[in-house]
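Let's take a walk through this fold, from the chain as a whole down to a single side chain. Have the model open and follow along.

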Amino acid sequence: MFFEDAKEASRVLEITLTKRDAKKENPIPMCGVPYHSADGYIETLINNGYKVAICEQMEDPKQTKGMVHRDVVRIVTPGTVMDQGGVDEKQNNYILSFIKLEGIYALSYCDVSTGELKVTHFEDEATLINEITTINPNEIVVNQKLDPELRRQISLTTETITLREAISDAQYAVNEMTERHLFNATQLLLDYIHHTQKKRFIPY
């Protein structure tokens, strides 16, 4: 990790902050952890409300001239943890999304580690908040245009709220939903999971 990410990670993980090009006028802050123990550090970051991008080499260094191409292969977030060490086997790790459409609050939530997905809808805000509190999700995904006051209220139910700009045109294998609002809420959720996991997620 480099720059501000390195400074923040060294503080949260209590690891040494070093510098690249230390003799230059503006050295680059950096820090890192051993690959074999990375899972424990990732879990610590997630438990503190951070999201972690996992990058891997996409080329064989022996077959490449110059810098080896790297890319993000997965983004670990509080609601998309699947590694055994980061999941409490005694309770679900739910990630939830909801939208308001035509006076209806449509809600969709799932456990990425098991594939379980459920949908429901309500006609009033109080019932929505109560249901979210009952589900107790570790992450909530909403459209960034969500009413600020409602966003403030749901922030009391979870530590991680993710704002999404728009729903992509990606197609997912989901059960047929006749209500457009339920489909849109589910698509918002699955679009985010696809974005973070970099692969197709098929719930049941």
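What follows goes from the overall layout to the sheet, then the helices on it, the cores and the cysteines.

A word on ground rules: this is a predicted model, where local features need pLDDT of at least 70, side-chain atom pairs count only at pLDDT 80 or more, and totals for chains, interfaces and linings use all residues. Residues are numbered from 1 along each chain as its sequence is written, and side-chain values use heavy atoms, with hydrogens and water left out.

The chain has five helices and nine strands; these are DSSP runs numbered from the N terminus, with helices being H or I of at least four residues and strands E of at least two. Going along the sequence, you meet them in the pattern α-β-β-α-β-β-β-β-β-α-β-α-β-α. Of the 204 residues, 38% count as buried, where buried means under 20% relative accessible area, exposed over 50% and partly exposed in between (1.4 Å probe, protein chains only). Among contacts with a separation of 6 or more, 49% come from residues 24 or more positions apart; a contact here is heavy atoms within 4.5 Å.

Now find the open sheet, built from five strands in the order S7-S6-S5-S8-S9 with mixed pairing. Two strands pair if DSSP finds at least two bridges between them. Strand S7 (116-122) and strand S9 (161-164) are at the edges with a single partner strand each, so one side of each has no neighbour in the sheet. From one strand to the next, the twist averages 20°; axes are lines fitted to C-alpha atoms, for helices over the stretch in contact, and angles run from 0 to 180 degrees between N-to-C directions.

At one edge, S6 and S7 pair antiparallel over seven bridges, with Ser 108 opposite Val 119 in S7. The two strands form a hairpin with four residues between them, and Gly 115 in the turn has a positive phi of about 90°. At the other edge, S8 and S9 run parallel, joined by four bridges, and Asn 143 stands opposite Arg 164 in S9.

Next, the helices. H3 packs on the sheet, touching S5, S6, S7 and S8, and its direction makes about 5° with that of S6. Helix H5 (residues 180-197) also packs on the sheet; H5 touches S5, S6, S7, S8 and S9, and its direction makes about 140° with that of S5.

What holds the most contacts inside the largest nonpolar core? Leu 96, Phe 98, Leu 107, Ile 132 and Ile 154 do, in a core of 16 residues. Such a core is a set of buried Ala, Val, Leu, Ile, Met, Phe, Trp, Tyr and Cys residues joined through side-chain atoms within 4.5 Å. At least two residues each come from strand S5 (94-101), strand S6 (104-111), helix H3 (125-135), strand S8 (139-143) and helix H4 (148-154), with H3 giving the largest share, four residues. Apart from this core lies another, of 14 residues, including Ala 106, Leu 117, Leu 188 and Leu 189.

Zoom in on Leu 96, in strand S5. Leu 96 is buried, at 0% relative accessibility. Beyond neighbours within four places in sequence, its contacts include Leu 107, Ile 132, Ile 140 and Leu 189.

Finally, the cysteines: Cys 31 is buried at 6% relative accessible area, and Cys 110 is buried at 0%. A search of the whole structure finds zero disulfides, taken as pairs of cysteine sulfur atoms within 2.5 Å.
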